[in-house]
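Thanks for coming. Please look at the structure on the screen, and I will go through its sheet.

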Amino acid sequence: MAIRQATISDVSRIAELIVTNYRTNFYPIFKYDAFYFGELNVLDTAKEYLDNPDILNNTYVFDDGVVKGMIRLDDRQIIKLFVEPQFQSQKIGAKLLNFATKEKKADWLWVLEQNERGIAFYKRNGFDFTGEKMLEDDYVSLLKMKLQK
């Protein structure tokens, strides 16, 4: 299998994946230049992983010679799941999600309400809404999804 636990040598690649995907997927929704092209950067994102061993220890990468995707967990919660845009639609995200649910028993997540593509992906892979909703930063609406058994 191409999925393995992330190591310190993966941190810069993980940071690239996160920054690229935030800009690609969320900037069109929020159009917040100062955050997406200022505060959000590879160095600070990498530092978060380097400074917090628990975060790195709960992150897994899809690596078939190149790290093409990542998933971060917190016990049974899926915190982040990103695939490099050039490698999307190759079942990498589904493989990472399957790994998390089968091997690590992860079974729930929060998804951005406006993230139609992400919601469709999770629904295709057995997740559905619980009816719970949360506001992050007083204006970002997140919906809880749980794996349906």
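I start with a turn: strand 3 and strand 4 form a hairpin with two residues between them, and aspartate 75 in that turn has a positive phi of about 60°. Helices (H or I, at least four residues) and strands (E, at least two) are DSSP runs, numbered from the N terminus. Residues are numbered from 1 along each chain as its sequence is written. This is a predicted model, where local features need pLDDT of at least 70, side-chain atom pairs count only at pLDDT 80 or more, and totals for chains, interfaces and linings use all residues, while side-chain values use heavy atoms, leaving out hydrogens and water.

Strand 3 and strand 4 run antiparallel, joined by six bridges; two strands pair if DSSP finds at least two bridges between them. Methionine 70 has phenylalanine 82 in strand 4 as its bridge partner.

How is strand 4 paired with strand 5? The two are parallel, over two bridges, and isoleucine 78 is the bridge partner of leucine 109 in strand 5.

Six of the seven residues of strand 4 are buried (under 20% relative accessible area, 1.4 Å probe, protein chains only), so strand 4 is largely enclosed by the rest of the structure.

Strand 5 (residues 108-112) also pairs with strand 7 (residues 140-147), in the antiparallel sense over five bridges. There, valine 111 stands opposite leucine 143.

Now the whole sheet. It is open, with seven strands in the order 1-2-3-4-5-7-6 and mixed pairing. Strand 1 (3-5) and strand 6 (127-136) are at the edges with a single partner strand each, so one side of each has no neighbour in the sheet.

Conventions: Buried means under 20% relative accessible area, exposed over 50%, partly exposed in between (1.4 Å probe, protein chains only).
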